[in-house]
Amino acid sequence: ILLGDQQIKIISSIDMDDTKMDDKTKTILHDSTDTTIAFAGTAKKQKHDSPRPASKVVSAVSSFAPAPASTSSSLASASASASASAIMESLLKSSGMDWNEFLETIWETKCHRFAFHKEKLSSECYNINTNTCSNVWSETVRRGWNVLRQLMDDEYSYDLVRAVDMSTMSASANEGVAPPLLFRDLRPMDDPEEIQRLYNNSLYAAYLAGTSIVWNHVDLKSPRVAALCEDLQGGRVGVEQASDGSCFFPHAYANAYLTPPNSQTVPPHADDRDVLVFQLVGHKYWKVYRETPIRHPYPHEQAGKSGIAVPDSVLEGPLAFDGCLREGDVLYIPRGMVHEATTSNTTRDDKDNDDDGNVAAAPDLSFHITVALATHDWTLGGNLSQVIQRKLMNSVGALVLPSATSIASTSTSTSTSPTISNKKTSLGSINLRRSLLPTARATSTLIMDNNAPAADTPSTSFSSCGGFLLDTAAIQNKIDAVFERLQTEITAESIAKDLNHRIETHNLRASEKRKTLITTMLRTEKEERTTGPRSEPETKSSSNTSTSTIQQQHPMDSTVGPVAAKNVSLETRIRASTPVEREYAQKMLLSRAASSGSSPPAAGLNVRDEIGDDVAEIITKIKAAAATITTQQTTAVAFRVGDFQKLIPKKENTHSLVCNLTSLSLAKRVVELGAFAIVVEGDDEDDAETSETATKRKRI
């Protein structure tokens, strides 16, 4: 049976006793390294290189493991369209293990960190002749800032209010991709009016205020993340050479998390899925707790979510992982393991020096991708539950049962109640939709004056329920008949086919969107490599849709206001605005609020407390420089956005929390409000950047 793109061998009724098998059956069971599953009263044998005793314990909550690498010639490849994940092959190689070892020692058992080697960032992984990338993850890390900027830019004019309106989540714009969620004080913001008033639907404004941002299903939004998920599914979109291995997962999707310095997005919690955490920008400190409150949880059993508290014994107990993920590192966390992550308020250590050996000047933000592997959806218990519920709850009318003779013959040997066996007459069919209550007899009919059962009442065959008597013998008779019918319809083959159908449906729905994103990305990058790189590859978004959302209609749209703010990057030079420019920007903000029917945005800046003094220092120095120059009647002074941090006085033993994204967010916000203006080509200005700084920036 093909399960996703993996092959599972189904054994539904084979006696595991060697003396009762022919040689061919022994060979299949004992020599094959393919995943083998046995159901319904038979022993099971899972993938192993050597024979192991059959186990009678079957976990209904652990997932069907991805298939190990096959050495059987007859089962060498599950599907011609599936290949091994280049990313997983690279990660496993860096840890000195193969796919089989990962499945047997790590998968659904313990967390594991895959360290990233920095030298891979500078390696050439793109073939311009074939338009392919040989290392998807390395290329994604190299362009990590682009990925972040593209998400921030594309969502800039998005209606954030819809993110907290559950009634519109499924019908939201942007081709069904849910809008980003904003987190503050470890909780999602749930007041639409507050979001509109404080941030004016701007992710940059929200980040400047200290909120964390979460993009769900970001693989349907970012072409880089789309390629990441396709590779992990064995699609290897755009990869030079395919592989025949089975080192991939049935389905993968991704969420993205942006956390400011010295922050935490969500409290400690456990997930109902296995995850691969890909650190893309900055670094983050992770704690994974060893004690698991609920092993292999289903969606309603996630500790730290939906009102289920994480036990103190878990948080006070030993850690399974306590360390820092740096750019390129990957952390695997099995479902059920409680974890939390924070960003630091100190500078990066010497291991994080840049190519020139310079230690970072400010604490890092963190931007990571969490790839979810929905293992709760691949379990035997979960799939049986869905199939049984569908057959029982979705049945219309009566359930046609096996013949009365068949029922009687199969139940006589197991029945211990004469009352039940005597009632096994012709059932015909059972309507499972009819109510069991009320009945013709109330509970009081069982009670005599002396509290003894009535003589003619078989109390062992009746139970009190809601004040009435239920004939449990008759009900048990029907239950036995129903399960006998279900046993003939629900088999290992039907479970595998049903699971495969759902996996293929998920993959088809996601891949259609992903491949469109990837194809466009590869085409654009090929053009860039042929004609030369863009002028600002490190800061510009990989998609220019955000900068053209609102077309310029007024000369001032290029310098101040909402339209100008969209074009601000780390390379943009800004200056103090004029009174006329400030008036125009405010007019545009009010006009936009009126046209959208929303409340006017709050006046001034909304800045997190920890950086309030630093932001005030930046603004004060830029305005002071402009005032001084104006008094002397000379040209205006321009400041590069990426140099804002240099305007903050250095303090002993402390570090500012203003990072590059904070500087960019601040610049966009003050240009939008009209406090500062963009210096456009042709303006007379003195650049505040020194020649030494410009030379170093160019080298970087």
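# A guided tour from Lys305

Begin by selecting Lys305, which is found in the loop that runs between β13 and α9 (312–315). The structure on display is a predicted model. Lys305 counts as partly exposed, because its relative accessible area is 26%, a value that falls between the limits of 20% for buried and 50% for exposed. Next, add Ala270 to the selection. Ala270 and Lys305 are separated by 35 residues in sequence, yet their C-alpha atoms are 7.8 Å apart in space. Apart from neighbours within four places in sequence, the residues in contact with Lys305 are His269, Ala270 and Asp271. Display the side chains of Lys305 and Asp271: a polar contact of 2.7 Å joins them.

From the loop, move to strand β13, residues 284–289. Which strands share a sheet with β13? The sheet is open and has three strands, ordered β14-β13-β16, with antiparallel pairing. The edges are occupied by β14 (319–325) and β16 (339–342); each has a single partner strand, so one side of each lacks a neighbour in the sheet. On average, and with direction ignored, neighbouring strands here are turned by 10 degrees against each other. Six bridges connect β13 with β14 in the antiparallel sense. To see one facing pair, select Tyr285 together with Cys324 of β14, which stands opposite.

Now select strand β12, residues 274–282. Is this strand enclosed or open to its surroundings? Nine of its nine residues are buried, and β12 is therefore largely enclosed by the rest of the structure. Add β17 (residues 366–373), which runs antiparallel to β12 and is joined to it by eight bridges. In this pairing, Val275 stands opposite Ala372 of β17. Then add β15 (residues 330–333), also antiparallel to β12, with four bridges between the two. Here Val277 faces Leu331 of β15. When inspecting side chains, recall that in a regular strand they alternate between the two faces of the sheet.

The next stop is helix α6, residues 192–199. Its buried residues are Glu194, Ile195, Gln196, Leu198 and Tyr199. They pack against β8 (181–184), α7 (203–208) and α18 (660–673), so these three elements are worth displaying together with α6. Centre the view on Glu194, which belongs to α6. Glu194 counts as buried because its relative accessibility is 19%, under the 20% limit. Beyond its neighbours within four places in sequence, Glu194 is in contact with Arg184 and Met189. After α6 comes Asn200, with a positive phi near 50 degrees.

Proceed to helix α13, residues 472–489. How far apart are its end C-alpha atoms? They are 25 Å apart, which agrees with the 26 Å that 18 residues should span at 1.5 Å a residue. At the N-terminal end, Asp471 acts as a cap, with a side-chain oxygen 3.2 Å from the backbone nitrogen of Ala473. Ala473 is itself buried, as are Asn477, Ala481, Val482, Glu484 and Leu486 of α13. An α-helix has 3.6 residues a turn, so residues three or four places apart point the same way.

Finish with two cysteines. Cys229 is buried, at 0% relative accessibility, and Cys659 is buried as well, with a relative accessible area of 6%. The count of disulfides in the model comes to zero.

Methods
Residues numbered from 1 in each chain as written. Predicted model: local features only at pLDDT ≥ 70, side-chain atom pairs only at ≥ 80, totals over all residues. Heavy atoms only, no water. Buried < 20%, exposed > 50% of the residue type's maximum accessible area, 1.4 Å probe, protein only. Contact = heavy atoms within 4.5 Å. Pairing = 2+ DSSP bridges. Axes fitted to C-alpha atoms, helices over the stretch in contact; angles between N-to-C directions. Expected span 1.5 Å × (residues − 1). Polar contact = N/O pair within 3.5 Å; in protein donor to acceptor, adjacent residues only side chain to side chain. Disulfide = S-S within 2.5 Å.
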